[in-house]
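This report walks through selected packing features of one protein model. The structure comes first, then the reading of it.

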Amino acid sequence: MASSQTVSNPDVNSSHSRESKRKKRRKIVDAGEIEQQTSLDQSRWRTDTEQQIYSSKLLQALRHVRRSNDNPSPVNAGRAVRETADRVLAVTAKGRSRWSRAILSGRLSLRLSQINKKHKKAKLNSGNIKSKKPAAKKRLPALQRKVRVLGRLVPGCQKLPFTNLLEETNDYISALQMQIKAMTFLTGLLSAGGAGSVAAQPDRLG
């Protein structure tokens with residue numbers, strides 16, 4: 001009886017249709033905003049302003065590292081420069097991406113320590129357990145293996161769905177390209193005129 005009244009009432013039907021149309025329009029607008037935000041995030045690494053910001057922050061961080069380590073070995077110095085450059089890149093990203101949050105939270109070093117602990121436990125247990133025939137592992141499809149490798153290359157993206165992994169990879173590659181340009185430019189300036197030339201010519205950064 002209630003259903004027949006609903007069908008026969010044109011006001012109720014029209015209100016339902018208007019509400020459904022309003023929800024559809026809201027979904028379309030939200031999807032458009034998400035797509036626009038993604039394109040902006042990917043393109044911002046190609047701007048001169050972003051490169052200038054990163055170059056300035058990187059130069060300050062490298063100066064701090066140099067003051068804190070008086071006589072570092074070449075290996076430690078190279079590692080410090082690489083870690084500083086990646087950390088400043090993540091700070092410049094402002095935590096908007098998963099890879100930048102992973103770098104800032106130190107998940108990479110934590111993951112490496114966990115792997116080392118597992119290897120140590122495996123070596124200790126191997127002496128007490130008799131050798132067993134290893135079970136045959138199922139070979140993954142080629143595409144799935146490549147996706148898994150890609151997830152290991154991008155920080156913090158090992159368990160992401162494929163579409164999200166592609167977005168993070170695209171943003172990470174754009175950020176790395178900007179990082180290479182900025183570091184190459186800084187290297188040229190520092191080798192030519194010292195650190196003072198960078199501070200004296202901020203408009204040329206980028």
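## Aromatic cluster

Both Trp45 and Trp99 are buried. The model is a predicted one. Trp99 and Tyr172 form an aromatic pair of the tilted kind, with 5.1 Å between ring centres and 55° between planes. Trp99 belongs to helix H5 and Tyr172 to helix H8, so this pair ties together parts 73 residues apart in sequence. Tyr172 is buried, as is Trp99.

How many aromatic pairs does a search of the whole structure find? The count is two. In the pair of Trp45 and Trp99, the ring centres are 6.3 Å apart and the planes stand at 45°, so this pair is tilted. Trp45 sits in the loop between helix H2 (10–43) and helix H3 (48–68), while Trp99 is in helix H5 (residues 98–104), so the pair links parts that are 54 residues apart in sequence. Trp45, Trp99 and Tyr172 make up one aromatic cluster.

| Aromatic pair | Centre to centre | Angle between planes |
|---|---|---|
| Trp45 and Trp99 | 6.3 Å | 45° |
| Trp99 and Tyr172 | 5.1 Å | 55° |

## Helices H3 and H4

H3 has 21 residues. From first C-alpha to last, H3 reaches 30 Å, close to the 30 Å expected at 1.5 Å a residue. H4 (74–93) has 20 residues and reaches 29 Å between its end C-alpha atoms, close to the 28 Å expected.

Which residues of H3 are buried? They are Glu50, Gln51, Tyr54, Ser55, Leu58, Leu59, Ala61 and Val65. An α-helix has 3.6 residues a turn, so residues three or four places apart point the same way. In H4, the buried residues are Ala80, Thr84, Ala85, Val88, Leu89, Ala90, Thr92 and Ala93.

## Tyr54 and Ala182

Tyr54 is placed in helix H3. Is Tyr54 buried or exposed? Its relative accessibility is 0%, so Tyr54 counts as buried. Beyond residues up to four places away in sequence, Tyr54 touches Ala85, Val88, Leu89, Thr92, Met178, Gln179, Ala182 and Met183. Among these partners, Ala85, Val88, Leu89 and Thr92 are buried residues of H4. The C-alpha atoms of Tyr54 and Ala93 are 9.5 Å apart, with their positions 39 residues apart along the chain.

Ala182 is in helix H8 (residues 162–193). Ala182 also has 0% relative accessibility, so it counts as buried. Setting aside neighbours within four places in sequence, Ala182 is in contact with Gln51, Tyr54 and Ser55. Gln51, Tyr54 and Ser55 are among the buried residues of H3. Ala182 and Asp48 are 134 residues apart in sequence, yet 9.9 Å apart in space, C-alpha to C-alpha.

## The loop between H4 and H5

Lys94 and Ser97 can be read together. Lys94 lies in the loop between H4 and H5, and Ser97 is found in that loop too. Lys94 comes just after H4 and takes a positive phi of about 60°. That positive value occurs in a residue other than glycine.

Which of the two is exposed? Lys94 has 59% relative accessibility and so counts as exposed. Ser97 has a relative accessible area of 5% and is buried. Buried here means under 20%, and exposed means over 50%. Ser97 touches Glu168 and Asp171, not counting residues up to four places away in sequence.

## The second largest pocket

The second largest pocket holds about 490 Å³ of space. Its lining has 17 residues, and the closest to the pocket centre are Leu62, Arg63, Arg66, Val81 and Leu190. Which helices each supply at least two lining residues? They are H3, H4 and H8. H3 gives the largest share of the lining, six residues.

By class, twelve of the lining residues are nonpolar, three are polar and two are charged.

Methods
Residues numbered from 1 in each chain as written. Predicted model: local features only at pLDDT ≥ 70, side-chain atom pairs only at ≥ 80, totals over all residues. Heavy atoms only, no water. Helix = DSSP H or I, 4+ residues; strand = E, 2+ residues; numbered from the N terminus. Buried < 20%, exposed > 50% of the residue type's maximum accessible area, 1.4 Å probe, protein only. Contact = heavy atoms within 4.5 Å. Phe/Tyr/Trp six-rings, centres within 6.5 Å; stacked < 30°, edge-to-face > 60°. 1 Å grid on protein atoms, 1.4 Å probe; cavity = no way out; pocket = protein on both sides within 12 Å on 5 of 7 lines; lining within 4 Å. Points joined across faces, edges and corners; volume = space filled by probe spheres on them. Nonpolar A, V, L, I, M, F, W, Y, C, P; charged D, E, K, R; others polar. Expected span 1.5 Å × (residues − 1).
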